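I opened my notebook to look up how the parts of this model meet one another, and I kept my entries in the order in which I checked things.

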2 protein chains.
Amino acid sequence: MGTPNKLGFRQMAARIRQEIIDGVYLTASVLPPEPVLADKYGASRSLVNRAMQVLAAEGMIRPRQGRGTMVTYIPPMLHSAARYSREARESGAARGAFDAEIRELGLEPQHEIIVERAVPPNDVAEALGLPPGEENALVRRRRLLASGIPVRLNASWFPLSIAKGSDLEAEGPNIRGGVKSALAELGYVQTKATERIHVRPPTEEEADALEISPERTVLDIFHVGKTESGQAVEVTTTVTPAHYLVIEHTFPLN
Amino acid sequence: MGTPNKLGFRQMAARIRQEIIDGVYLTASVLPPEPVLADKYGASRSLVNRAMQVLAAEGMIRPRQGRGTMVTYIPPMLHSAARYSREARESGAARGAFDAEIRELGLEPQHEIIVERAVPPNDVAEALGLPPGEENALVRRRRLLASGIPVRLNASWFPLSIAKGSDLEAEGPNIRGGVKSALAELGYVQTKATERIHVRPPTEEEADALEISPERTVLDIFHVGKTESGQAVEVTTTVTPAHYLVIEHTFPLN
DNA sequence: GAGTGGTCTAGACCACAGA
DNA sequence: CTGTGGTCTAGACCACTCG
């Protein structure tokens, strides 16, 4: 029967957005083809295409040439400074929280990990107090996915002088007790952290790795962990499509 | 002479973006009309319009029916937890920092302030421990602009039981020493704060007040200030187009 | 080869602002 | 009234995926 009154592309986007949130279209399923939607809403395919662009920019969907348009909606997850507490780490909650949250949504958590020695980017080298442009760091790169939808990119950088030959170079999805425990066993106990957060468009590589449209925005978290003496021993960068995260932190005043 | 090779709308957007960043088109000036750009780039106006949509979603420009397309690019500003330090407040730096940053860009800072008693939103009422749905709070709403471009919405909420008849109800662009000092004089010294940050699409009212296109994302900061006893005495919400802010904070580990 | 989304055009009508 | 951006159509061609 179609739709009696004509919709603008924003309204069309709004309606489809609501249907996704309501579960009419399930996450990781495929939307009807644009010509079908055009017929359903009594509009031209151009208009449907523009509505799709709006939803893609929000991260609700991911259209792909030849493959159709997949629903990629995932509600935001909490990123709390409390995740760095000793209890959270020892219980494996830092890792487990991600898995649990994803599973609760009925999706399958997946992890990809690459450990390698590399030349750190300039901002990382500077934060770690390393000379720039040299292969003087170890990096653990992780890509986290939910039922095949990439949701987060992590890279943890350590000075090679500290990490060389240690547990940190071990492959595998996780380090027993977490990287902070591994560093502590090496004599580098972290007592303070600084985070810098900003929102920006993704680089081309990030857009590819996260499989998002170029007009999506990402949250970029630059985390520096320091020892009591003020030495920076770990830099972890997190890049995630912006709406996937809620950040919470507490701090003393004065 | 136009442009020899045809550009896609993303490339067209990229070129104009770069020209804006390079200062070819100045912030608060007006871009050439779409038909002129269409001619310049040898494309249809539809394509130019779509490129404009991309740049508008990024916050680089603000197209307006009948009025032309204004350049609204403003580089990000730092939002650091350190802004709450006593020194920053007493020197007026919290306020001055905004003005100084804007002036440094060659723009004119402007402030609009409304002080009134109102029914707080549910999340604010809950944070302040107030019964919902009652006119039991005082709110100081501020809109910050740079040469007529709105860049930030602030609303500071206080329990009416505390703020009634105090300096907090005073009109005017600023309170001597800041609201935290005013609260301290009333016997409510804040010693701890919690912030919850997330990125989301603007509400319709916010899009209007910030004069942004609906597909822009905003940063939403929900700040709760508490006394030593744990009583919440101030909630400040900040809404700003996402790319205008960089957030930085430091916290102890363990 | 058939079907998908990605892009683009030419033209149209509308809503709005400003002289 | 003129010129602006906002929307929309009908049709076209292309790049990509998959059977």
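**Entry 1: the two protein chains**

I began with the area, and I found that chain B and chain A bury about 3500 Å² between them, with 55% of it on carbon and sulfur atoms. I noted beside this value that the model is a predicted one. I reminded myself that the size of an interface is often given as the accessible area lost when the parts come together. I then looked up who takes part, and the contact draws on 38 residues from chain B and 38 residues from chain A.

Next I asked how many residue pairs are in polar contact across the interface of chain B and chain A. I found 13 such pairs, counting those in which both residues have pLDDT 80 or more. I then listed the elements of chain B that give two or more residues to the side touching chain A, and these are helix H1 (9–21), helix H3 (45–58), helix H4 (86–90), strand E7 (190–200), strand E8 (218–227) and strand E10 (245–252). The largest share of that side, ten residues, comes from E7(B). When I sorted the side of chain B that touches chain A by class, I wrote down 16 nonpolar, twelve polar and ten charged residues.

**Entry 2: strands across the interface**

I followed E7(B) further and saw that seven bridges join it to strand E10 (residues 245–252) of chain A, the two strands running antiparallel. As one position to look at in the viewer, I marked A:Thr250, which stands opposite B:Thr194 in E7(B).

**Entry 3: salt bridges**

I kept in mind that side chains of opposite charge can pair when their charged atoms come close. Over all chains, I noted a count of 21 salt bridges, and across the interface of chain B and chain A I noted two. B:Arg10 forms a salt bridge with A:Glu215, and the closest N and O atoms of this pair are 2.8 Å apart. I also looked up B:Glu215 and A:Arg10, whose side chains meet in a salt bridge at 2.7 Å, N to O. Why does this pair join two chains? I worked out that B:Glu215 lies in the loop between helix H9 (204–210) and E8 of chain B, while A:Arg10 lies in helix H1 of chain A, so the pair joins two chains.

**Entry 4: DNA strand C**

I turned to DNA strand C and found 26 residues surrounding it, the closest being A:Glu34, A:Arg45, A:Gln65, B:Gly8 and B:Ser44. Sugar and phosphate make up 66% of the atoms of DNA strand C that come within 4 Å of the protein.

For single contacts, I wrote that an N or O atom in the side chain of B:Ser44 is 2.8 Å from a phosphate oxygen of DNA strand C, and that one in the side chain of B:Arg10 is 3.4 Å from a phosphate oxygen of this strand. I also found a contact with a base, since noted as B:Ser46, a polar side-chain atom of which lies 3.0 Å from a base nitrogen of DNA strand C. By class, I counted seven nonpolar, twelve polar and seven charged residues on the surface near DNA strand C.

**Entry 5: DNA strand D**

Which residues come nearest to DNA strand D? Of the 26 residues around it, I listed A:Gly8, A:Ser44, B:Glu34, B:Arg45 and B:Gln65. Here sugar and phosphate account for 67% of the atoms that come within 4 Å of the protein.

I checked three contacts of DNA strand D, and in one of them a backbone N or O atom of A:Phe9 lies 3.0 Å from a phosphate oxygen. An N or O atom in the side chain of B:Gln65 is 2.7 Å from a sugar or linking oxygen, and a polar backbone atom of B:Gly66 is 2.9 Å from a base oxygen.

How values were computed:
Residues numbered from 1 in each chain as written. Chains lettered and ligands numbered in written order. Predicted model: local features only at pLDDT ≥ 70, side-chain atom pairs only at ≥ 80, totals over all residues. Heavy atoms only, no water. Contact = heavy atoms within 4.5 Å. Buried area = accessible area lost by both parts, 1.4 Å probe. Salt bridge = Lys/Arg side-chain N within 4 Å of Asp/Glu carboxyl O. Polar contact = N/O pair within 3.5 Å; in protein donor to acceptor, adjacent residues only side chain to side chain. Helix = DSSP H or I, 4+ residues; strand = E, 2+ residues; numbered from the N terminus. Nonpolar A, V, L, I, M, F, W, Y, C, P; charged D, E, K, R; others polar. Pairing = 2+ DSSP bridges. Near = heavy atom within 4 Å.
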